[in-house]
Amino acid sequence: MTALGSSTAPCSVTVIGGGTMGRNIALNLLLHGHEVKALDTARTAISGLRVHMEGNVAMMRATGLLKETSRRQDRLRLGQSCGEAVANADLIVETIPENLEAKLALYTEIERHVAADTILASNTSSFMPSQLAQHLQKP
């Protein structure tokens, strides 16, 4: 596992959920040099991911928020399945809709494919971490 704050190597991050928050989190991580995979069950969310990123990068360049010209967003990889997307991830950021049952099912699936030291984070604003971890073997 790569240290998340390490300046010598990027960490591997998977963002699950391709809505507004997931897209922007993925872009921010890419722009900071991390390797990012994205996964969403909705084809429209994933297909719009790169278009959304291009628009945000253009806006950031136009306003001076982004000065570099490299195309880090082109390094985004799209996951085909949960197991493939989270394999070897140092950090997993869950950004799916606020549905507790869906989140619990996703967390159970994620846990089947990750190492015990993988960090699992949620973008939830509705649920306590203890609720999300209640059925996990290695919370």
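Me: How much space is in the largest pocket?
Reply: In this predicted model, about 340 Å³ of space lies in the largest pocket. A pocket here is an open set of points on a 1 Å grid over the protein atoms alone, where a 1.4 Å probe fits and protein lies on both sides within 12 Å along at least five of seven lines; points are joined across faces, edges and corners, and the volume is the space filled by probe spheres set on them.

Me: Which residues are nearest its centre?
Reply: Leu39, Asp40, Thr41, Ala42 and Ile46 lie nearest the centre of the largest pocket, out of 18 that line it, where a lining residue has an atom within 4 Å of a point.

Me: And how many of that lining are nonpolar, polar or charged?
Reply: The lining of the largest pocket divides into nine nonpolar residues, seven polar and two charged (Ala, Val, Leu, Ile, Met, Phe, Trp, Tyr, Cys and Pro count as nonpolar, Asp, Glu, Lys and Arg as charged, the others, Gly among them, as polar).

Me: OK, what about the second largest pocket, how much space is there?
Reply: The second largest pocket holds about 290 Å³ of space, and 20 residues line it, with Tyr107, Leu120, Leu136, Lys138 and Pro139 nearest its centre. Its lining is made up of 15 nonpolar residues, three polar and two charged.

Me: Which element gives the most to that lining?
Reply: Strand 5 does, with four residues, while helix 4 (100–111), strand 5 (119–122) and helix 5 (129–133) each supply at least two. Helices (H or I, at least four residues) and strands (E, at least two) are DSSP runs numbered from the N terminus.

Me: What does strand 5 pair with?
Reply: Strand 5 runs parallel to strand 4, and four bridges join the two; DSSP must find at least two bridges for strands to pair. Valine 93 stands opposite alanine 121 in strand 5, and glutamate 94 stands opposite serine 122 in that strand.

Me: What order do the strands have in the sheet?
Reply: The order is 3-2-1-4-5, in an open sheet of five strands with parallel pairing. Strand 3 (77–78) and strand 5 are the edge strands, each pairing on one side only.

Me: New topic: what is the mean pLDDT?
Reply: The chain has a mean pLDDT (the predictor's confidence in each residue, from 0 to 100) of 87, and 92% of its residues reach 70 or more. Among the elements, helix 2 (residues 43–62) has the lowest mean, 84, and strand 4 (residues 91–94) the highest, 96.

Me: Which cut-offs apply to the model?
Reply: Local features need pLDDT of at least 70 and side-chain atom pairs count only at pLDDT 80 or more, while totals for chains, interfaces and linings use all residues. Residues are numbered from 1 along each chain as its sequence is written, and side-chain values use heavy atoms, with hydrogens and water left out.
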